[in-house]
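Visitor: I have a structure open here and a few questions about it. Can we go through them one by one?

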Amino acid sequence: MEDKVQVETNNYVELKSEILDGMRSYREDLAQDGVDAGYSVQQIDECEGIIDRFLETMSAAAERGDSAAAHGAVKDAVLSLNALNARCGHSLIETDQREGLCELILGAAALAGLGAPGEDITEEWREW
């Protein structure tokens, strides 16, 4: 249970909100100019679901000390985000979101004992 608390106190919930808010505000700004962002509100919600599942799985894996499950959670989240971004014509995950997602995934993975400082364990699968 302590690891689940750590995920929250390490601002991953806040970071998730910043990532999603950035997607929403960019989409709204473009819509005001009559431009389609290339992704829908439902796809933003899908991204949120991927992040939530990742954080829940990672927290449980960290609590059990299960590095294999933690590694699998990273891979699943990255591959799910790749597929979602591809369905959006690669317009959903832009630079700010990419940086935020990497910070969130790598930080949560570090809590589970994955990766060395400065190592990007998402690089093997990440297309965004």
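Visitor: Which ring does the charged end of Arg-126 sit over?

Guide: The ring of Trp-128, with the charged end 5.4 Å from the ring centre. Keep in mind that this is a predicted model.

Visitor: And how many aromatic pairs are there in the whole structure?

Guide: Zero, after a search of the whole structure.

Visitor: Ok, the core then. How many residues are in the largest nonpolar one?

Guide: It has 38 residues. Met-23, Phe-54, Met-58, Val-74, Leu-92 and Leu-104 have the most contacts inside it. At least two residues of this core come from each of helix 2 (12-32), helix 3 (41-64), helix 4 (67-87) and helix 5 (95-111).

Visitor: Which helix gives the largest share?

Guide: Helix 3, with nine residues.

Visitor: Back to Leu-104. What does it touch?

Guide: Leaving out residues up to four places away in sequence, Leu-104 touches Tyr-12, Leu-15, Lys-16, Ile-19, Ile-51, Phe-54 and Leu-55. Leu-104 is also one of the buried residues of helix 5, along with others including Gln-97, Leu-101 and Ile-105.

Visitor: What do the buried residues of helix 5 pack against?

Guide: Helix 2, helix 3 and helix 4.

Visitor: What span should helix 5 have, and how far apart are its end C-alpha atoms?

Guide: The 17 residues of helix 5 should span 24 Å at 1.5 Å a residue, and the end C-alpha atoms are 24 Å apart, so the two agree. After helix 5 comes Gly-113, with a positive phi near 85 degrees.

Visitor: Now helix 4. What is at its start?

Guide: A side-chain oxygen of Asp-66 comes to within 3.3 Å of the backbone nitrogen of Ala-68 there. Helix 4 has 21 residues and reaches 30 Å from first C-alpha to last, close to the 30 Å expected. Its buried residues, among them Ala-70, Val-74 and Leu-81, pack against helix 3 and helix 5.

Visitor: What follows helix 4?

Guide: Gly-89, whose phi is positive, near 65 degrees. The loop between helix 4 and helix 5 also holds Ser-91.

Visitor: Does Ser-91 count as buried or exposed, and why?

Guide: Buried, because its relative accessibility is 13% and the cut-off for buried is under 20%.

Visitor: What is around Ser-91?

Guide: Not counting residues up to four places away in sequence, Ser-91 touches Ala-37, Gly-38, Tyr-39 and Asn-85. A polar atom of the Ser-91 side chain also lies 2.6 Å from the backbone oxygen of Cys-88.

Definitions and conventions:
Residues are numbered from 1 along each chain as its sequence is written. This is a predicted model: local features need pLDDT of at least 70, side-chain atom pairs count only at pLDDT 80 or more; totals for chains, interfaces and linings use all residues. Side-chain values use heavy atoms; hydrogens and water are left out. A nonpolar core is a set of buried Ala, Val, Leu, Ile, Met, Phe, Trp, Tyr and Cys residues joined through side-chain atoms within 4.5 Å. Buried means under 20% relative accessible area, exposed over 50%, partly exposed in between (1.4 Å probe, protein chains only). Helices (H or I, at least four residues) and strands (E, at least two) are DSSP runs, numbered from the N terminus. Contact means heavy atoms within 4.5 Å. Rings of Phe, Tyr and Trp (its six-membered ring) pair if their centres lie within 6.5 Å; planes under 30 degrees apart count as stacked, over 60 as edge-to-face and the rest as tilted. A charge sits over a ring if NZ of Lys or CZ of Arg is within 6 Å of the ring centre and within 35 degrees of the ring normal. The expected span of a helix is 1.5 Å times one less than its number of residues. A polar contact is a pair of N or O atoms within 3.5 Å; within protein, one must be able to donate a hydrogen and the other to accept it, and residues adjacent in sequence count only if both atoms are side-chain atoms.
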